[in-house]
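The exercises below are meant to be worked with the sequence and the coordinates side by side. Try each task before reading its solution.

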Amino acid sequence: TARPLRSSDLAEKLPGAASVALDTLAMIFDGIFSAPELPEPVKAAIGRLQLPLVRIAIAEADFFSNVNHPARRLVNRMADAARGLSPDCAQDHPLCAALSAFANHARQTLEKTPPDPQGRQDISTLLDAIEKLNTKKNEAQQRAAQPYLALTEAQETSDIALLHSTEWLQRILQTPAL
């Protein structure tokens with residue numbers, strides 16, 4: 001089982017801000033690793049991004065304060081991609097396998113991509129790739145749901161008709177006979 005890296009795990013102490021960044025990120029990963037709705041293969045995939053994210057969190061002061069930080073969006077989109085998977089989903093499930101491959105690619109990219117002049121890595125291609133994966137997943141879910149849409153609408157129509165007819169019958173039964 002994956003576990004988050006903490007500053008206490010390191011032989012040498014980090015400077016204050018770096019230690020706080022590492023421990024804050026550890027709390028985030030604690031939440032990810034303890035989320036019962038996430039399948040273990042997804043937790044492992046996201047967990048492989050810990051070290052690159054630690055480096056980014058230490059180097060970029062706005063990592064925790066900016067909800068639109070690209071690296072945060074990357075992890076959030078990976079979690080979004082896993083939404084709807086069964087918690088006992090196996091590694092060979094197509095979406096788990098795709099997220100695992102994506103995490104490997106993302107880790108390599110994050111470790112090798114030099115920062116831009118502002119000190120931030122351009123991970124727009126990674127964000128685009130995970131967005132495409134999410135789009136494909138959402139489209140597949142919509143296609144799978146189509147046969148049930150008519151059934152659901154028919155049931156709702158039937159339920160509404162039953163409600164109205166019951167209300168009508170109660171009104172008629174309460175009306176005094178002439």
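**Exercise 1. State how much surface the protein exposes and which atoms supply it, then describe the overall make-up.**

Solution. The protein exposes about 11,300 Å², and carbon and sulfur atoms supply 59% of this area. These values belong to a predicted model. Turning from the surface to the interior, 31% of the 178 residues count as buried. The secondary structure consists of six helices and zero strands, so that the order of elements from the N terminus reads α-α-α-α-α-α. Among contacts with a separation of 6 or more, 64% join residues that are 24 or more positions apart.

**Exercise 2. Identify the residues that touch the most other members of the largest nonpolar core, and trace which elements build that core.**

Solution. The core holds 37 residues, and those touching the most other members are Val-42, Leu-53, Leu-74, Met-78, Leu-99 and Ile-130. Two or more residues are given to this core by each of H1, H2, H3, H4, H5 and H6, and H5 contributes the largest share, with seven residues. As a next step, take Met-78: leaving aside residues up to four places away in sequence, Met-78 touches Ala-45, Ile-46, Leu-49, Leu-99, Phe-102, Ala-103 and Ile-130.

**Exercise 3. List the buried residues of helix H3 and find what they pack against.**

Solution. Within H3, which spans residues 50-59, the buried positions are Gln-50, Pro-52, Leu-53, Val-54, Ile-56 and Ala-57. The partners of these buried residues are helix H1 (16-34), helix H2 (40-47), helix H4 (70-82) and helix H5 (94-112).

**Exercise 4. Decide whether Leu-85 is buried or exposed, and name the residues that it touches.**

Solution. Leu-85 is located in the loop between H4 and H5. Its relative accessible area is 12%, and because the limit for a buried residue is under 20%, Leu-85 counts as buried. Apart from residues up to four places away in sequence, Leu-85 touches Glu-37, Pro-39, Val-42, His-93, Leu-95 and Cys-96. For one of these, Glu-37, the C-alpha atom is separated from that of Leu-85 by 8.0 Å, although the two residues are 48 residues apart along the chain.

**Exercise 5. Determine which residues make the nonpolar surface patch of about 440 Å², and classify Ile-172 by its accessible area.**

Solution. The patch is made by Trp-168, Leu-169, Ile-172 and Leu-173. Of these, Ile-172 is found in helix H6, residues 124-174. With a relative accessible area of 43%, Ile-172 is partly exposed, since this value falls between the 20% and 50% limits.

Technical notes. Residues numbered from 1 in each chain as written. Predicted model: local features only at pLDDT ≥ 70, side-chain atom pairs only at ≥ 80, totals over all residues. Heavy atoms only, no water. Buried < 20%, exposed > 50% of the residue type's maximum accessible area, 1.4 Å probe, protein only. Helix = DSSP H or I, 4+ residues; strand = E, 2+ residues; numbered from the N terminus. Contact = heavy atoms within 4.5 Å. Patch = residues over 30% accessible without salt bridge, like charges linked within 9 Å, V, L, I, M, F, W, Y side chains within 5 Å. Areas by Shrake-Rupley, 256 points an atom, 1.4 Å probe, with all protein chains shown as cover. Salt bridge = Lys/Arg side-chain N within 4 Å of Asp/Glu carboxyl O. Core = buried A, V, L, I, M, F, W, Y, C linked by side-chain atoms within 4.5 Å.
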